[in-house]
Amino acid sequence: MTDKKSKAKRAPAGATEKKKKKTKGLTERQKRILKIRDSLVKQKMQLLQEAGAALNTLPDESAFPDMSDQATAEIDRNFMLRLRGREQKLLKKVELAIERIDNNTYGICEVCGSEIGIKRLEARPVTTMCIECKTEQEEEEKILES
Ligand SMILES: [Zn+2]
């Protein structure tokens, strides 16, 4: 309990001020994309944490008694396997989205090359398609499935 309190107090007072300076000169869209980046980083951490928690409950830990580099690599592989398929895909998407923000290629539709609406990006940060292309793709999937 007391731990939580002290953590909240420790938040640096100048942090918000620094952020303001950093975003000076950016367009509204760029600022909002930076906010999306923050939430993507948080999401990534959460996914990794969940996978880490799963790893700690590994029942066959004794299968790696010698922690050689090879064994470590094996554990890394297991770590990824522990992430459920869906989470693994999401993690990959989140990482790619962060990469695209850093490369300034974020928010451009990979199909038609037009700008994806900021509201759509905020609602679905890992999207790589504008709403028109996504709708079209979903229509095609429906046809394929039926
Ligand atoms: Zn498009």
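**Figure 1. Asn104, an exposed residue of the loop after helix H5.** With 10 C-beta neighbours inside 10 Å, Asn104 counts as exposed, because a residue with 12 or fewer such neighbours is placed in that class. In this predicted model, Asn104 lies in the loop between H5 and helix H6, the latter covering residues 118-123. Although Asn104 is not a glycine, its phi is positive, at about 60 degrees, and this backbone angle occurs just after H5.

**Figure 2. The whole chain, built from helices.** The protein has seven helices and zero strands, and, read along the sequence, it follows the pattern α-α-α-α-α-α-α. Of its 146 residues, 8% count as buried. Among contacts between residues at least 6 apart in sequence, 53% join residues that are at least 24 apart.

**Figure 3. Confidence along the predicted chain.** The protein averages a pLDDT of 79, and 63% of the residues score at least 70. Among the elements of the protein, helix H1, which spans residues 2-9, has the lowest mean pLDDT, at 49, whereas H6 has the highest, at 97. Over residues 13-19 the pLDDT stays under 50, and for this stretch the model has zero contacts beyond four places in sequence.

**Figure 4. The largest nonpolar core.** Seven residues make up the largest nonpolar core of the protein, namely Ile33, Ile36, Leu40, Leu91, Val94, Ala97 and Tyr106. Helix H3 (28-56) and helix H5 (85-102) each supply at least two residues of this core. One of the core residues, Ile33, touches Ile101, Tyr106 and Gly107, when residues up to four places away in sequence are not counted.

**Figure 5. Leu40 and its surroundings.** Leu40 lies in helix H3 and, with 20 C-beta neighbours inside 10 Å, counts as buried. Leaving aside its neighbours within four places in sequence, Leu40 is in contact with Val94, Ala97, Ile98 and Pro125. Of these partners, Ile98 is 58 residues away from Leu40 in sequence, yet the two C-alpha atoms are 6.9 Å apart in space.

**Figure 6. The two sides of helix H5.** H5 has 18 residues and reaches 26 Å from its first C-alpha to its last, close to the 26 Å expected at 1.5 Å a residue. Its buried residues are Leu91, Val94 and Ala97. Seen down the axis of H5, these buried residues fall within an arc of 125 degrees, so they line one face of the helix. An α-helix has 3.6 residues a turn, so residues three or four places apart point the same way. On the other side of H5, Gly85, Lys89 and Glu99 are exposed.

**Figure 7. Glu110 in the loop between H5 and H6.** Glu110 is found in the loop between H5 and H6 and, with 13 C-beta neighbours inside 10 Å, counts as partly exposed. Once neighbours within four places in sequence are left aside, Glu110 is in contact with Thr128 and Met129. Glu110 and Thr128 are 18 residues apart in sequence, while their C-alpha atoms are 5.9 Å apart in space.

**Figure 8. Helix H7, a hardly covered helix.** The 15 residues of helix H7, residues 131-145, should span 21 Å at 1.5 Å a residue, and the end C-alpha atoms are indeed 21 Å apart, which agrees. H7 is hardly covered, for the count of buried residues among its 15 residues is zero.

Note on methods. Residues numbered from 1 in each chain as written. Predicted model: local features only at pLDDT ≥ 70, side-chain atom pairs only at ≥ 80, totals over all residues. Helix = DSSP H or I, 4+ residues; strand = E, 2+ residues; numbered from the N terminus. Expected span 1.5 Å × (residues − 1). Contact = placed C-beta atoms within 7 Å. Core = buried A, V, L, I, M, F, W, Y, C linked by C-beta atoms within 7 Å. pLDDT = per-residue confidence, 0-100. Arc of directions from axis to C-beta.
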